[in-house]
Amino acid sequence: MARPLTKIVNLASIKHNYLLAKALHPDSKAFAVVKANAYGHGAVAVSNYLDSTVDAFAVASIEEALELRGSGVKSPIMLLEGVFEESEWSICEKQGFWCAIENDFQAQSFLESGVNLEKVFIKVDVGMHRLGVSPEKAPSLVKRLRSSRNIGEVVLMSHFSSADDLSSKATTDQLACFHGVREQCESMPVSVANSAAILKWSIPQGGWIRPGIMLYGISPFDGIRSSELGLETVMTFTSKVISLRSIERGQKVGYAESYEAQGEERIATIAAGYGDGYPRNAVNGTPVIVNGIECALAGRVSMDMITVNVTNVKNVEMGSSVQLWGDKLSVERVASHSSTIGYELVTRMTGRPKIKYI
């Protein structure tokens, strides 16, 4: 029997979540952000399924964009980080890619390249201090690029540092900074909203929104479940019980003997480990669903296996069904027991689990 580890991806739920983002901002067009292999869900499969629905796709790099084009994707594709080498501009022109410009090198190399692009997105640093030209430089750069005959449209773009924290004043301040820059640039389309801003913040209408993590049914907020936001679960990560044993009080389980039985317990070994993308730093007590019942991780996560206390599960046997996360157990809950976020768990999964699209 093949190793029983599968990630099931519901493509229709991704489409539902994309259309929800559009419904929340009906005057805006929406990118489907499929960078990092569509957040671990398979960029080629996801993009081909959504190709006839989306306004455009967004990726991190030209390599990701070329993979999609090579798979037959026809929709526009935007490079969120722009180009890294001058030679990439001619590829953007040939493939019809849209591009962010966030620094002087990118701006100057584009103007010197002589290529024609349908859209260019000027990224402004309004406080995250990661990418983007300063608010002081942005208006003059907008003017320079608008005067070029090689660009169809210039869009003003930014990104918020703390939109997932609804109590933070940072987003309000950064929005105000962005509005100030936009006022100096006359009328132009904008793109500022990631998933958190789309779902909970008052943002400029028109232009482009950028739903990312919400497409995959994961909440960007601590303490707000994805179902409360109207999102549908997309990935269900499943396995099976591959071994069972009974242990007595005081006996220990796993590497470093990190779990000690508090009484007579039944321990199930499950085919999933950090070599598959299950978080190694998941602590004892992390929830796991066995035969539809919530159980608890018992022992350190190893490369290929985890061990779970199934004492309270009736009829557990070899081959019993396991859900590591999905519709019965949110990836956010697993992440919270692992000192990380749902984004990381789905994007760092390896190629070992079989993938099934429905």
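This briefing walks through a parallel sheet, the helices around it, the nonpolar cores and the aromatic pairs. The model is predicted, so please read each point below as a description of computed coordinates. Its open sheet has 8 strands with parallel pairing, and its largest nonpolar core has 115 residues. The structure also holds 9 aromatic pairs, and two of them are described below.

**The sheet and its edges**

- Going across the open sheet, the strand order is β8-β7-β6-β5-β4-β3-β2-β9, and the pairing is parallel.
- The edges belong to β8 (190-191) and β9 (208-209); each has a single partner strand, so one side of each is left without a neighbour in the sheet.
- Helix α5 (residues 88-95) packs on this sheet, where it touches β4 (77-79), β5 (98-101) and β6 (117-123). The direction of α5 makes about 130° with that of β6.

**Strand pairs, from β2 to β8**

- Strand β2 (residues 29-33) pairs with strand β3 (residues 56-59) in the parallel sense, over 3 bridges. Within this pair, F31 stands opposite A56 in β3.
- β6 and β7 are also parallel, and 6 bridges connect them. K123 has M157 in β7 as its bridge partner.
- β7 and β8 run parallel as well, joined by 2 bridges. Here L156 has V190 in β8 as its bridge partner.
- Strand β7 (residues 151-157) is mostly covered, with 5 of its 7 residues buried.

**Crossovers on either side of β7**

- One right-handed β-α-β unit is made by β6, helix α7 (residues 138-146) and β7.
- Another right-handed β-α-β unit continues from β7 through helix α8 (residues 170-184) to β8. Strand β7 therefore takes part in both units, as the second strand of one and the first strand of the other.

**Nonpolar cores**

- In the largest nonpolar core, of 115 residues, V290 and W325 have the most contacts inside it.
- Leaving aside residues up to four places away in sequence, W325 touches M235, T236, F237, G277, Y278, P279, S330, V331, V334, L345, V346 and M349.
- Apart from the largest core lies another one, of 6 residues, including I247, A261, I267 and A298.

**Aromatic pair F31 and W98**

- The ring centres of F31 and W98 are 6.2 Å apart and the planes meet at 75°; planes over 60 degrees apart count as edge-to-face, so this pair is edge-to-face.
- F31 sits in strand β2 and W98 in strand β5, so the pair links distant parts of the chain, 67 residues apart.
- Both rings belong to buried residues: F31 has a relative accessible area of 0%, and W98 has 3% relative accessibility.
- F31 and W98 also join F121 and W208 in one aromatic cluster.

**Aromatic pair Y278 and W325**

- Y278 and W325 have ring centres 6.3 Å apart and planes at 15°; planes under 30 degrees apart count as stacked, so this pair is stacked.
- Y278 lies in the loop between β13 (265-271) and β14 (287-290), while W325 is in strand β17 (residues 321-325), so the pair ties together parts that are 47 residues apart in sequence.
- Y278 is buried, with a relative accessible area of 1%, and W325 also counts as buried, at 1% relative accessibility.

Methods: Residues are numbered from 1 along each chain as its sequence is written. This is a predicted model: local features need pLDDT of at least 70, side-chain atom pairs count only at pLDDT 80 or more; totals for chains, interfaces and linings use all residues. Side-chain values use heavy atoms; hydrogens and water are left out. Two strands pair if DSSP finds at least two bridges between them. Helices (H or I, at least four residues) and strands (E, at least two) are DSSP runs, numbered from the N terminus. Contact means heavy atoms within 4.5 Å. Axes are lines fitted to C-alpha atoms, for helices over the stretch in contact, and angles run from 0 to 180 degrees between N-to-C directions. Buried means under 20% relative accessible area, exposed over 50%, partly exposed in between (1.4 Å probe, protein chains only). A crossover is right-handed if, with the strands pointing away from the viewer, the path from the first strand over the helix to the second runs clockwise. A nonpolar core is a set of buried Ala, Val, Leu, Ile, Met, Phe, Trp, Tyr and Cys residues joined through side-chain atoms within 4.5 Å. Rings of Phe, Tyr and Trp (its six-membered ring) pair if their centres lie within 6.5 Å; planes under 30 degrees apart count as stacked, over 60 as edge-to-face and the rest as tilted.
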